[in-house]
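Let's take a look at a nonpolar surface patch, some aromatic pairs and one histidine. Here is the model.

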Amino acid sequence: MLLANMMGQLMCFAYIMISLKVYKYISIKSVVKEIRKKLLKYSIPLIPNAISWWIFNASDRLIVSYLLDLGKNGILAASHKFSGVYIAAYNIFNLSWTEMVSLHIKDSDFPEFFNKMVNIVLRLFTAMAIGIIACMPFLYPIMINHRYSYGFRLVPILMLGSLFNVVVGLISTIYVANKNTKAIANTSIISATINIVVHLALIRYVGLFAAAISTLVSFLIMSIYRLYDIKKKYFKIKIDTELIIKSIIILPIVIICYYSNNIISNIMSLVVSVIYACDLNKNSMNTVFSIIKNKIQIKDQVK
């Protein structure tokens with residue numbers, strides 16, 4: 001498997017190099033010392049950052065395997081599937097988001113633009129997280145084998161952890177745009193440490209729940225710290241009060257219905273989450289509908 005992965009990457013590299021003739025643009029003589037220093041200064045802190053994320057992701061499986069058993073790892077992996085899809089959806093958006101922030105970081109109205117965009121995206125992904133939780137009583141038994149049914153209990157906690165992961169990702173682009181990778185590395189190391197400590201402290205008492213709780217706690221602390229640190233170094237990030245209040249009201253309702261194991265409660269939870277999502281994102285939805293309507297009108301005029 002490792003060999004196949006290595007060969008696949010190597011073949012992709014060779015194809016791109018040859019087809020695009022990249023080798024024509026590579027010359028050791030063209031290396032500029034000043035640029036090399038800047039690149040190293042930017043990239044070296046990202047090495048411990050990457051190691052921290054590896055530890056963050058691998059530590060849960062290692063601790064569960066050592067203190068519980070290997071079978072529990074399968075349950076943990078199954079419960080991670082849905083939050084994994086959620087994070088994958090955010091990562092697609094994050095590619096363009098990071099580029100946009102880097103391009104406009106020096107604009108005079110950047111703080112206002114950044115706050116507006118962060119709140120729009122947070123509204124969408126908060127609604128998605130709560131919606132996924134509400135859907136799980138119907139989807140989990142269909143998509144996951146009954147032998148991993150215990151993982152159903154972990155999904156809401158993991159989804160909340162993933163929501164704070166989105167918050168971390170959104171605001172961390174400020175560090176990237178300002179080339180402050182040291183701050184990224186420092187907070188990632190602290191978060192990975194917190195994750196391990198909380199997991200070890202709780203696993204003997206709550207079992208697999210410790211893995212989910214430690215993930216939630218570490219991302220929550222990281223998001224709070226980075227909000228504070230960015231405020232101190234750059235500008236204040238303002239999260240909509242309406243978003244916070246509505247989420248605090250709706251989230252407990254959805255979670256209580258989730259753990260009630262009652263079909264009526266689950267249906268009610270799903271309906272509430274849909275209404276909540278539509279209400280929270282009504283401005284964005286109106287904008288999308290207006291764009292679609294204008295495009296249809298333009299096509300009709302062309303015809």
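I44 sits in the loop between α2 (33-43) and α3. Helices here are DSSP runs of H or I with at least four residues, strands are E runs of at least two, and both are numbered from the N terminus. A caveat early on: this is a predicted model, where local features need pLDDT of at least 70 and side-chain atom pairs count only at pLDDT 80 or more, while totals for chains, interfaces and linings use all residues. Residues are numbered from 1 along each chain as its sequence is written, and side-chain values use heavy atoms, with hydrogens and water left out.

With a relative accessible area of 46%, I44 is partly exposed; buried means under 20%, exposed over 50%, and partly exposed in between (1.4 Å probe, protein chains only). I44 joins L40, I47, I51, W54 and I55 in a nonpolar patch on the surface, with about 590 Å² of accessible area together. Helix α3 (residues 46-67) gives the most to this patch, with four residues. Patch members have over 30% relative accessible area and no salt bridge, and nonpolar side chains (Val, Leu, Ile, Met, Phe, Trp, Tyr) are joined within 5 Å, like charges within 9 Å. A salt bridge is a side-chain nitrogen of Lys or Arg within 4 Å of a carboxyl oxygen of Asp or Glu. The areas come from Shrake-Rupley with a 1.4 Å probe, and for residues only the protein chains shown count as cover.

Now for the rings. The structure holds 15 aromatic pairs, and two of them are tabulated here. Rings of Phe, Tyr and Trp (its six-membered ring) pair if their centres lie within 6.5 Å; planes under 30 degrees apart are stacked, over 60 edge-to-face, the rest tilted.

| Pair | Centre to centre | Plane angle | Type |
|---|---|---|---|
| Y86 and F125 | 5.8 Å | 80° | edge-to-face |
| F152 and Y258 | 4.4 Å | 10° | stacked |

Y86 in helix α4 (residues 70-104) and F125 in helix α5 (residues 110-143) are 39 residues apart. Y86 is buried at 1%, and F125 is buried at 5%. Both belong to one aromatic cluster, whose members also include W97 and F235.

F152 lies in the loop between α5 and α6 (155-177) and Y258 in helix α9 (residues 241-260), so their pair ties together parts 106 residues apart in sequence. F152 counts as buried at 18%, as does Y258 at 2%.

Finally, the histidine: H199 lies in helix α7 (residues 181-206) and is buried, with a relative accessible area of 0%. Leaving aside neighbours within four places in sequence, H199 is in contact (heavy atoms within 4.5 Å) with D60, I63, V64, A210, A211 and S214.
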